[in-house]
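Biologist: I have a chain here that I would like to understand piece by piece. Could you take my questions one at a time?

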Amino acid sequence: MTFLQGIAASNGIAIAKAYRLVEPDLAFDQKTIENVSVEVERYRQAIEKAKAELETIRDRAKVDLGPDKAAIFEAHLLVLSDPELNTPIEDKIKTEKVNAEAALKETADMFVMMFEQMDNEYMRERAADIRDVTKRVLAHLLGIQLPNPSMIAEEVIIVAEDLTPSDTAQLNRQFVKGFTTNIGGRTSHSAIMARSLEIPAVVGTKTAVEEIDNGDLVIVDGLKGEVHINPTPELVEQYRQVHHDYENQKAEWAKLVNESTVSSDGHHVELAANIGTPNDLKGVVANGGEGVGLYRTEFLYMGRDQLPTEEEQFEAYKAVLVGMAGKPVVVRTLDIGGDKELPYLDLPKEMNPFLGFRAIRLCLEEQDIFRTQLRALLRASTFGNLKIMFPMIATLDEFRAAKAVLEEEKQKLVSEGQKLADKIELGIMVEIPSTAILADQFAKEVDFFSIGTNDLIQYTMAADRMNQRVSYLYQPYSPSILRLVKMVIDAAHAEGKWAGMCGEMAGDETAIPVLLGLGLDEFSMSATSILKARSLIKNLNKSDMEKLANEVLNMQTTSQVVDAVNAAIK
Ligand code: PEP
Ligand code: MG
């Protein structure tokens, strides 16, 4: 039995067999072959096996992910049947007497290079198709099984170096019971998505990929951040009990689903949910969300090969507004960059993507993308209570520039005869220290703030949120962070505005008492954290928490704050 300590990224216990989502080693030796016809036949058989495999994957993808996502496999099948690729490979085997692996790799590399150098974007994408197809055929020649997450048909725990947000979005909830990765932190987007999908996860284990083999029995303890590999039957039994207790606890919290969130001395706060797609709404309603405090629209742009149209976006925003039936919905404009990439935008690689050309910076530069989104949002505004929020605002000039673009699109739509909501609140994420420090000035011009602590903490502490080696610096209870949070809340209130928080800190049990004391108006979190937070707040006294907040703001270290909170809520 082996034990790994990682970072608890999504609550719950999962026990299942491991499924490694790891790129296999496809290295081979170039050889001279004797019998060319046997080698050509071996190549043809590998092609046939790859085709059969792709057909199954395509059919499964059609059902599970829709025809759009299945189209990519259709394109791969066409490549496999293309004589322009296959004939030169077979000729190479025949004339040069090299093994099929070498003939395939050399010919495919030549085509990939040729396509990549073309000006035409469509042809450049074909290079990616050839690379994928070659990998699949090569794996068959070598007798190696490539991981195919869409083919998983039994309960598994995914083991990976890292999962991108779009990998995570494609995990099939029915079979994927948990996941564990070598890298990542609590606020990396795959962790955030695991929470909304209610998949227990432990990230940042450093060595899960090295330690876990396909088929090993694995326990993922998303409550404590532990992973147990091939546990003893006794430990499995103990964990079944922990799982059972956790489910019972959830059933207790579920009784609060239709209640509002009021402290023991009668102070009301709003508990809202963070969502990534309209599909997440079910979870918001089931967990008694009083609104959507953050709709991360970038997921609409991911896992596809071109930008979503205005119409597609309109339908998604409308669905969320209608689904929330008049409750507030804060939609954040595109926040691409950092760990959320859009390969089809073909942006140059950056040294420090979290400090780079992302979010509002990109939108102000690539205005067509921004304007399409704003138009879709404005058109959807009549279907509910829409609030628009700009991400990563660092200066008032950026906010004013973004607001000016919004106003222009508003005027255009009105002159086209489009009906818009009378009032659409306009706010910003406060996730860059410069903006928190200047919150008093911003508060004069915005309708609300939402504090994005995932980024605010990484920028204040200068600690990459994806890097588990510096994850000890993710310190939401540090007096430095709490002081910034207080500045933002006070600045909003001084101008009669409201302040919310949509970073992971808003759903954190140790932070909530202090945030209540600091006067935070809205807490937005993974839907699955809402009922637990409501149960906690009902037992807190707001005026006691104000005293606690004043005390901890003057403390020196995070651990002093944690001790003070624990003593206060005992
Ligand atoms: C944040 O930074 O706190 C936030 C909510 O945005 P994201 O996690 O999407 O960067
Ligand atoms: Mg952020």
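Biologist: Which residue in strand 17 does Asn 274 stand opposite?

Modeller: Keep in mind that this is a predicted model. Strand 10 covers residues 268–275, and five bridges join strand 10 to strand 17 in the parallel sense. Across that pairing, the residue opposite Asn 274 is Ser 526.

Biologist: Strand 10 pairs with strand 11 too. Which residue of strand 11 stands opposite Ala 273?

Modeller: Strand 11 spans residues 292–296. Strands 10 and 11 run parallel, with three bridges between them. Opposite Ala 273 stands Val 292.

Biologist: Which turn residue between strand 9 and strand 10 has a positive phi?

Modeller: Strand 9 covers residues 261–262 and runs antiparallel to strand 10, with two bridges. In that pairing, Val 262 stands opposite His 268. The two strands form a hairpin with five residues between them. The turn residue with a positive phi, about 85°, is Gly 266.

Biologist: How many of the eight residues of strand 10 are buried?

Modeller: A residue counts as buried when its relative accessible area is under 20%. Strand 10 is largely enclosed by the rest of the structure, because the number of its residues that are buried is six of eight.

Biologist: Let us go to strand 16. Which of its residues point the same way as Trp 498, and which the other way?

Modeller: Strand 16 covers residues 498–501, and all of them are buried. Trp 498 shares its direction with Gly 500. Pointing the other way are Ala 499 and Met 501.

Biologist: What are the partners of Met 501 on the two neighbouring strands?

Modeller: Strand 15, residues 448–451, runs parallel to strand 16 and is joined to it by four bridges. There, Ile 451 stands opposite Met 501. Strand 17, residues 522–526, is also parallel to strand 16, with two bridges. So take one name from each strand: Ile 451 and Phe 523.

Biologist: Which helix joins strands 16 and 17 in a β-α-β unit?

Modeller: The unit is right-handed. Its helix covers residues 511–518. That is helix 19.

Biologist: How many residues of helix 19 are buried, and which residue follows the helix?

Modeller: The helix is mostly covered, with eight of its eight residues buried. Among them are Ile 512, Val 514 and Leu 516. After the helix comes a residue with a positive phi, near 95°. That residue is Gly 519.

Biologist: Now the magnesium ion, ligand 2. Which residues are its protein donors?

Modeller: One donor residue lies in the loop between strand 14 and helix 15, the other in helix 17, so the pair ties together parts 24 residues apart in sequence. Both donors lie 2.0 to 2.2 Å from the ion. They are Glu 431 (OE) and Asp 455 (OD).

Biologist: Are Glu 431 and Asp 455 buried or exposed?

Modeller: The cut-off for buried is under 20% relative accessible area. Glu 431 has 2%. Asp 455 also has 2%. Therefore the word for both is buried.

Biologist: Thr 187 sits elsewhere in the chain. Which residues is it in contact with, beyond its neighbours within four places in sequence?

Modeller: Thr 187 lies in the loop between strand 5 and helix 7. At 2% relative accessibility, Thr 187 counts as buried. Its contacts beyond those neighbours are Ile 192, Asn 454, Arg 465, Tyr 474 and Glu 504.

Biologist: What is the phi of Met 392, and is the residue buried or exposed?

Modeller: Met 392 lies in the loop between strand 13 and helix 14. Its phi is positive, about 60°, although it is not a glycine. With a relative accessible area of 1%, Met 392 is buried.

Biologist: Where does Asp 346 lie?

Modeller: Asp 346 has a positive phi too, near 55°, and is a residue other than glycine. Its place is in the loop between strand 12 and helix 12.

Biologist: To finish, how far apart are the centres of domain 1 and domain 2?

Modeller: Domain 1 is made of residues 2–22 and 149–251, and domain 2 of residues 36–142. Their centres are taken over C-alpha atoms. The separation is 33 Å.

Technical notes
Residues are numbered from 1 along each chain as its sequence is written. Chains are lettered from A and ligands numbered from 1 in the order in which they are written. This is a predicted model: local features need pLDDT of at least 70, side-chain atom pairs count only at pLDDT 80 or more; totals for chains, interfaces and linings use all residues. Side-chain values use heavy atoms; hydrogens and water are left out. Buried means under 20% relative accessible area, exposed over 50%, partly exposed in between (1.4 Å probe, protein chains only). Contact means heavy atoms within 4.5 Å. Two strands pair if DSSP finds at least two bridges between them. A crossover is right-handed if, with the strands pointing away from the viewer, the path from the first strand over the helix to the second runs clockwise. Donors are N, O and S atoms within 2.8 Å of the metal (3.2 Å for Na, K and Ca); water is not among the atoms, so sites may look incomplete. Domain bounds come from an automatic or database domain assignment.
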